[in-house]
Amino acid sequence: MLADLGYDGVGLTLDHMHLDPLAPDLATRTRRVAQRLDALGLGVTIETGARYVLDPRRKHGPSLLDPDPDDRARRADLLVRAVRVAADLGAHAVHCFSGVVPEDTDTDTAWKRLAETLTPVLDVAASAGIPLAVEPEPGHLLATLADFHRLRSTLGDPEPLGLTLDIGHCQCLEPLSPADCVRAAAPWLRHVQIEDMRRGVHEHLPFGDGEIDFPPVLATLAATGYQGLTVVELPRHSHAGPHFAAHSLPFLRHAERTAATLPPATAPALQQAAPPHGAPSATPEGSSTG
């Protein structure tokens, strides 16, 4: 369906119904998906935001920050599996996120756990030649671009560590405009998610229902030379997936044509003040679901 609509690729979330990373014969199933993607001419990135793939009772649990080291290892194992799937599919990147700081865990401890748990995953990513693209997620430990740079610095700026930039999250939380976020993030950009959103409210919206001015965002993205996928992320609209898939691409194509007529970008412009650092919004959606 996506190929028929004219999309160039898919953000594939590993989940029970989408290339289950924990079920038997993963390699065989991955080969079938690779053949299908190739036949349709679709690129792919691997997303790891499935809500209950590891634990049917805890949304996005366990995380990279859990107090139990065995639980953290389960999340790390999922990411390692995702990297191997990505390598077999020829994917552009593997997306991931930090998780919410657990109760009774101080921030410094959470950062230490994140760095330690991601280190072996990054080693596998380096060997596979697949970027691991961490997403700043409202309400999570790593919530902003500044947080991404903190992690990058802590880990010693490893080559496979990249960034997933969610354009809506920029509108929601960052002090810079979405277009200026793209410009600032360009050197580390490995994956892009896009949807509409309002300032201070973490709710993924169909295009036109939020506040984002998309032509400057797409113009800036084109100017960076980014070659990966930009995937539409509407986790609360999957019940109407065919409808929104059909309507999203024409919107983006029109915004892209408008972007081509814009003058060269000017200096970054600040938005209104952001919510408190890492603060969940009034309508938190959790992390991405692809």
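**Exercise 1. Work out how exposed Phe-251 is, where it sits and what it touches.**

Phe-251 has a relative accessible area of 31%, so it counts as partly exposed. Keep in mind as you go that this is a predicted model.

Step 1: place the residue. Phe-251 belongs to helix α9.

Step 2: list the partners. Skip the neighbours within four places in sequence, and Phe-251 is left in contact with Phe-207, Gly-208 and Phe-214.

Step 3: check the separation for one of these. From C-alpha to C-alpha, Phe-251 and Gly-208 are 8.6 Å apart, while 43 residues separate them in sequence.

**Exercise 2. Find the aromatic pairs and classify the ones that involve Phe-251.**

Step 1: count. Searching the whole structure turns up 3 aromatic pairs.

Step 2: take Phe-207 with Phe-251. Their ring centres are 5.0 Å apart and the planes differ by 10 degrees, which makes this pair stacked. Phe-207 comes from the loop between β8 (201-205) and α8 (214-224) and Phe-251 from helix α9 (residues 241-259), so the pair ties together parts 44 residues apart in sequence.

Step 3: look at burial on the loop side. Phe-207 has 13% relative accessibility, so it counts as buried.

Step 4: now try Phe-214 with Phe-251. Here the centres are 5.6 Å apart and the planes stand at 90 degrees, so call this one edge-to-face. It links distant parts of the chain too, with Phe-214 in helix α8 and Phe-251 in helix α9, 37 residues apart. Phe-214 counts as buried because its relative accessibility is 1%.

Step 5: put the rings together. Phe-207, Phe-214 and Phe-251 are linked by ring pairs into a cluster.

**Exercise 3. Which residues of α8 are buried, and what do they pack against?**

Step 1: read off the buried set. In α8 this is Phe-214, Pro-215, Val-217, Leu-218, Thr-220 and Leu-221.

Step 2: trace the packing. These buried residues of α8 pack against α6, α7 (178-185), β6 (189-194), β7 (196-198), β9 and α9.

Step 3: see what comes after the helix. α8 is followed by Gly-225, which has a positive phi near 80 degrees.

**Exercise 4. Describe the largest nonpolar core and follow one of its residues outward.**

Step 1: size it up. The largest nonpolar core contains 59 residues, and Ile-46, Leu-114, Leu-118 and Leu-165 have the most contacts inside it. Helix α3 (residues 69-89) gives the largest share, 8 residues.

Step 2: follow Leu-165. Leaving out residues up to four places away in sequence, Leu-165 touches Leu-145, Cys-170, Cys-181, Val-182, Ala-185, Leu-189, His-191, Val-192 and Gln-193.

**Exercise 5. How many disulfides does the structure have, and what surrounds Cys-96 and Cys-181?**

Step 1: run the search. Across the whole structure it gives 0 disulfides.

Step 2: check Cys-96. Cys-96 is in no disulfide, and its nearest cysteine sulfur, on Cys-170, is 17 Å away. With 2% relative accessibility, Cys-96 counts as buried.

Step 3: check Cys-181. The nearest cysteine sulfur is again that of Cys-170, here 3.7 Å away, and Cys-181 is in no disulfide. The cut-off is what matters: sulfur atoms have to lie within 2.5 Å. Cys-181 has 0% relative accessibility, so it counts as buried.

**Exercise 6. Locate the empty space: what lines the largest pocket and the largest cavity?**

Step 1: start with the pocket. The largest pocket holds about 1,400 Å³ of space. It has 50 lining residues, and those closest to its centre are Tyr-7, Gly-11, Thr-230, Val-231 and Val-232.

Step 2: assign the pocket lining to elements. Two or more lining residues come from each of β1 (9-13), α8, β9 (230-232) and α9. The largest share, 10 residues, is from α9.

Step 3: turn to the cavity. The structure has 1 cavity of 30 Å³ or more, and the largest cavity contains about 60 Å³ of space. Its lining is made of Pro-136, Ala-143, Leu-145, Thr-164, Leu-165, Asp-166, His-169, Cys-170, Leu-173 and Glu-174. The elements giving two or more residues to this lining are β5 (161-166) and α6 (167-173).

Step 4: cross-check with Exercise 4. Leu-165 lines the largest cavity, and Leu-165 is also among the core residues with the most contacts.

Methods. Residues are numbered from 1 along each chain as its sequence is written. This is a predicted model: local features need pLDDT of at least 70, side-chain atom pairs count only at pLDDT 80 or more; totals for chains, interfaces and linings use all residues. Side-chain values use heavy atoms; hydrogens and water are left out. A nonpolar core is a set of buried Ala, Val, Leu, Ile, Met, Phe, Trp, Tyr and Cys residues joined through side-chain atoms within 4.5 Å. Buried means under 20% relative accessible area, exposed over 50%, partly exposed in between (1.4 Å probe, protein chains only). Helices (H or I, at least four residues) and strands (E, at least two) are DSSP runs, numbered from the N terminus. Contact means heavy atoms within 4.5 Å. Rings of Phe, Tyr and Trp (its six-membered ring) pair if their centres lie within 6.5 Å; planes under 30 degrees apart count as stacked, over 60 as edge-to-face and the rest as tilted. On a 1 Å grid over the protein atoms alone, a cavity is a set of points where a 1.4 Å probe fits but cannot get out, and a pocket is an open set with protein on both sides within 12 Å along at least five of seven lines; lining residues have an atom within 4 Å of a point. Grid points are joined across faces, edges and corners, and a volume is the space filled by probe spheres set on the points.
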